[in-house]
Amino acid sequence: MRPGVVMISNFVTGSKKNYSGIIDYYERYDRKNGNTLSHIDKLKRMESAIEDDRILLSKKEKKLIEEYDEYLKSGGTQDLIDYIKENDKQNDVVYGNYINYMNKDVKASGLFGDNSDYFSFDEKIAMKDAFNKGQDNGSVLWGNVYSFDNEFLKKHNLLDDKTGYVNEIKIKQAVRESIRVMMKEEGLDQSAVWCGEIHYDTDNIHVHTSVVEMKNTRPLVQIEKMKKISSKEYERTGEYELQPKAKLKKKTLDKMKSTLANNLIDRTQDLQLISDRRFKLHHSITIDKDDLKQKRLLESIRESLPENKKDWQYNNRKLDNVRPFIDEYTVYHLNKFHYEDYNEYKELLNKEEEYYKEVYGEGKDDRYKDYAENKMNELKSKTGNELLKEMKQSEKSISYKKDKSTDTHIDDKYFRRTKLISRESYKQKYNHPKSESRIKFQKPIHLHKINHAVKTTLRSEKRDRELEYQHHQLQQNIERERGRQEYGR
């Protein structure tokens with residue numbers, strides 16, 4: 001399958017030719033391939049497109065076109081956009097309609113840039129000056145070409161097969177966002193300017209863009225000089241010179257292309273549906289104690305988990321060995337209890353994968369497969385964390401009842417039974433040595449502690465007897481004193 005969009009990027013450094021020559025080239029291209037029809041003739045030829053709601057011109061907009069045609073016949077030199085700005089007193093004309101209208105049956109769209117869909121004469125002069133300034137300062141000139149498969153454009157209503165209408169406004173905006181990504185990722189957003197133009201002179205519609213820094217900010221690197229020996233061949237010279245690092249990062253190029261595609265085709269609804277299904281699925285995970293397979297998987301997971309619950313995170317490296325069991329549990333659970341939602345989610349991913357296959361085409365990298373694989377891994381991660389969260393909650397709610405064979409600690413004074421369990425009794429009953437840290441065991445009793453406790457008890461009893469004796473003696477003294485007093489009377 002041919003890719004719907006192809007992007008090629010190259011660069012020039014230290015060129016003897018003026019960078020502003022690229023602007024002159026665009027202008028010569030316009031004059032060579034421009035349209036010779038009058039605006040009135042163009043308006044008639046666009047009637048079918050207007051009926052199909054491809055281009056909607058109001059009565060006022062049509063009248064302005066007719067007036068502009070008369071203006072040109074009388075020797076006027078203003079561009080259509082400048083003419084509209086001057087004569088649109090109420091400022092209610094949609095310029096985008098005119099841009100599309102003007103470009104019908106021409107081979108080029110005219111220059112556009114970051115803040116303009118159609119350059120005026122002054123904007124062209126300013127851009128030339130900026131390009132020359134960049135060359136004088138030793139900056140890089142980047143050239144990017146975006147080429148579109150016409151069938152791809154037709155399928156997504158960007159090109160009308162009957163009328164030949166192209167939605168240039170949307171294409172320009174998509175290219176604009178792509179260039180903004182390039183400038184941000186490469187740190188050029190504060191130092192570079194750019195312009196572009198849509199061309200129709202080949203079988204596939206394509207867009208040329210040129211980007212230059214007015215003052216170089218790129219690091220300097222040693223580059224070997226090459227000698228040109230033919231139109232496509234060069235030979236090494238063994239001489240080196242310092243030049244700005246011009247090659248764009250692969251990450252930047254990938255992001256530029258994906259940004260272009262995402263702005264050309266609105267995938268908001270499909271992506272939101274995928275997100276909603278994933279959210280529903282990952283919140284549906286519960287602990288199943290009835291299914292034998294699930295029960296065994298849970299036991300395997302519990303035995304392999306680290307002791308510290310803070311490490312119970314799906315993507316934690318400490319869970320590398322247990323992660324396959326977690327995946328097996330969650331996939332089995334989704335297939336058993338949420339079969340329809342899970343299958344719908346996979347179908348949505350396959351549909352989205354086909355879209356990426358359409359955009360990027362098939363090749364050795366098969367980049368279109370990355371999306372579905374990444375989304376499935378994302379679901380595994382979220383369902384895995386949901387399972388671990390449920391297991392944490394389950395561990396907190398476990399109450400260990402006293403077993404008859406369990407040693408019981410008796411308080412001699414208050415005859416109070418505690419809920420502590422001996423470690424040996426727990427091992428014999430549950431046989432889960434790796435989970436011991438989660439249980440509060442009865443502390444082992446040592447001989448010296450027993451001796452200490454006995455001595456303490458004896459000292460306490462001796463003291464009690466002494467107090468009792470003292471109390472008894474005091475009572476006897478009181479009784480004797482009372483007897484003497486009575487006898488003395």
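Start by selecting Glu 239 and Lys 225: they form a salt bridge whose closest N and O atoms are 4.0 Å apart. Glu 239 sits in strand β6 and Lys 225 in strand β5, so you're looking at a link between distant parts of the chain, 14 residues apart. Before you go on, keep in mind that this is a predicted model. Colour by accessibility if your viewer can do that: Glu 239 counts as partly exposed at 47% relative accessibility, and Lys 225 is also partly exposed, at 35%.

Stay on these strands and pick Glu 224 and Arg 236. Here is another salt bridge, with the closest N and O atoms 2.6 Å apart. Glu 224 belongs to strand β5 (residues 220-228) and Arg 236 to strand β6 (residues 234-244), and twelve residues separate the two in sequence. Which end of this pair is buried and which is exposed? Glu 224 is buried, with a relative accessible area of 15%, because the cut-off for buried is under 20%. Arg 236, on the other hand, is exposed at 63%.

Next stop: Asp 117 and Arg 176. This salt bridge brings its closest N and O atoms to 2.9 Å. Asp 117 lies in the loop between α6 (95-102) and α7 (121-136), while Arg 176 is in helix α9 (residues 168-185), so the bridge ties together parts that are 59 residues apart in sequence. Asp 117 is partly exposed, its relative accessible area being 25%. Arg 176 counts as buried, at 5% relative accessibility.

Now try a group of four. Select Arg 267, Asp 270, Lys 351 and Glu 352, and you'll have a network of salt bridges on screen. How many salt bridges turn up in a search of the whole structure? The count is 23.

For a change of scene, jump to Asp 149. You'll find this residue in the loop between β2 (141-148) and α8 (150-155). Asp 149 counts as buried, at 14% relative accessibility. What touches Asp 149, leaving aside neighbours within four places in sequence? Show Arg 2, Pro 3, Gly 4 and Asn 204, and you have its contacts.

Finally, zoom out to the whole protein chain. Switch to a cartoon view and look for 17 helices and six strands. Of the 489 residues, 39% are buried. Among contacts between residues at least 6 apart in sequence, 71% join residues at least 24 apart. Turn on a surface to finish: the chain exposes about 30900 Å², and carbon and sulfur atoms supply 48% of that area.

Note on methods:
Residues numbered from 1 in each chain as written. Predicted model: local features only at pLDDT ≥ 70, side-chain atom pairs only at ≥ 80, totals over all residues. Heavy atoms only, no water. Helix = DSSP H or I, 4+ residues; strand = E, 2+ residues; numbered from the N terminus. Buried < 20%, exposed > 50% of the residue type's maximum accessible area, 1.4 Å probe, protein only. Contact = heavy atoms within 4.5 Å. Areas by Shrake-Rupley, 256 points an atom, 1.4 Å probe, with all protein chains shown as cover. Salt bridge = Lys/Arg side-chain N within 4 Å of Asp/Glu carboxyl O.
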